[in-house]
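Please open the model in your viewer and keep the sequence panel beside it. The tour below goes from one selection to the next and says what is to be found at each stop.

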Amino acid sequence: MPDAASRLLALYRTMARIRAFENAAEIASQGGVQAWGVATSAKPALVRGPLHLSTGQEAVATGVCANLKREDLLTSTHRGHGHTLAKGADVRRMMGELFGRATGTNKGKGGSMHIADFSVGMLGANGVVAAGMPIAVGAAHALKIRGRKEIVACFFGDGAVNRGPFLEALNWAVVYHLPVLFVCEDNRISATTPTGPMTGGAGASVRAESIGVPGLKVDGNDVEAVDAAAARLVAEVRGGSGPRFLHAVTYRFKGHVSVDPGAYRDKAEVAAALAFDPLLIARVALVGRDVVSSAIDAIDAAAKAEIDAAMVEAEAAPWPESAAAYTDIQNTGAGQWR
């Protein structure tokens, strides 16, 4: 098989795993509750709390992380399952974390919005819009001070460009010439509001360039395009050229959270977006390179089987002991909180 086809097949496999994970997590979170005006199933939810899906955005996480080393660092958003998986986190421990079990990556304490796995350089998802950006810059500055060769990838959404930390983080990265790749995962909507009408100027990448961070704008649904752009930018960052910016335009197929039907979106817009599903685009490209459909179907089936097994394991896993609530916390040296 030609190298290009092999590379795309590997990228597709990662996207398929992310899609299977998100589909399973979505179902697990839809228990017998009334949320966003929609009554879901009678079965209690297995995943509690807000669950933000990255369904439709798989190509961005996959294309970027394919160019990172295990030792490289990454900061994520509240929509971070895809980033975490693409960076190499263990899917069983991830699912355990969503279920709040002791076997989770964070022993059940972080859940979906604060999942982290330092073993693969994933410094954490973050429930505050744009908050991962100064964390990424701080990590990059620490790497520079210590003379390390690793870089930091910083994922954030288009809604973050209108918040203060966006400017502060890019400015700091430029002033101190830091090894960080800023990745704007532009799904064109901020929670329930289209971002375009709320954003002045020509968009995220132009704002980055205005402050001195060169970058590329790319079709975020084309995993090969993201892969190629990320490869170029990562090489520049790793080569000591300072911060870079990747503006990946994509689309979020689901509502803001897993129990949100997204009724505020135009149905025709969603239908048009589904025609540019990143997995579908990659599948068509693979078939065009003589990869048989059955081989692609086998990848999809393997991903689903892997995630199904992780779900079963997570549901059977033990809950954290109550005493664990007093571990992994900061000791302020005072007892007033008691």
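## A tour by selection

Begin with Cys-184, which counts as buried at 0% relative accessibility. Its sulfur is 10 Å from the closest cysteine sulfur, that of Cys-154, which is too far for a bond. The model is a predicted one, and a search of the whole structure finds zero disulfides. Cys-65 is accordingly in no disulfide, the nearest cysteine sulfur being that of Cys-154 at 12 Å; Cys-65 is also buried, with a relative accessible area of 6%.

Before going further, colour the chain by pLDDT, for which the mean is 93, with 95% of the residues reaching 70 or more. Over residues 32-37 the pLDDT stays under 50, although the model has 19 contacts beyond four places in sequence for this stretch. Where pLDDT is low, the predicted coordinates should not be read in detail.

Next, select helix 2, residues 58-65, where eight of the eight residues are buried, so that the helix is largely enclosed by the rest of the structure. Among these buried residues are Glu-58, Gly-63 and Cys-65. Show the side chain of Glu-58 together with those of Arg-19 and Asp-277, since the three are linked in a network of salt bridges.

The structure holds 18 salt bridges, and several can be followed from Arg-283. This residue pairs with Asp-297, the closest N and O atoms being 2.8 Å apart; because Arg-283 lies in helix 10 (residues 278-288) and Asp-297 in helix 11 (residues 293-316), the pair ties together parts that are 14 residues apart in sequence. Arg-283 also meets Asp-300 in a salt bridge at 3.0 Å, N to O, a pair that again links helix 10 with helix 11, here across 17 residues. Both acidic partners count as partly exposed, Asp-297 at 41% relative accessibility and Asp-300 at 26%.

Staying in helix 11, select Lys-304 and Asp-308, whose side chains meet in a salt bridge at 2.8 Å, N to O. The two are four residues apart, and are therefore separated by about one helical turn. Asp-308 is partly exposed, at 33% relative accessibility.

Finally, turn to Trp-172, Val-175 and Tyr-176, which make a nonpolar surface patch of about 300 Å². Val-175, in helix 6 (residues 164-175), is exposed, with a relative accessible area of 52%. Which residues does His-141 contact, leaving aside its neighbours within four places in sequence? His-141 is in contact with Trp-172, Tyr-176 and Leu-178; it lies in helix 5 (residues 132-145) and counts as buried, at 17% relative accessibility.

Technical notes: Residues numbered from 1 in each chain as written. Predicted model: local features only at pLDDT ≥ 70, side-chain atom pairs only at ≥ 80, totals over all residues. Heavy atoms only, no water. Buried < 20%, exposed > 50% of the residue type's maximum accessible area, 1.4 Å probe, protein only. pLDDT = per-residue confidence, 0-100. Contact = heavy atoms within 4.5 Å. Patch = residues over 30% accessible without salt bridge, like charges linked within 9 Å, V, L, I, M, F, W, Y side chains within 5 Å. Areas by Shrake-Rupley, 256 points an atom, 1.4 Å probe, with all protein chains shown as cover. Salt bridge = Lys/Arg side-chain N within 4 Å of Asp/Glu carboxyl O. Disulfide = S-S within 2.5 Å.
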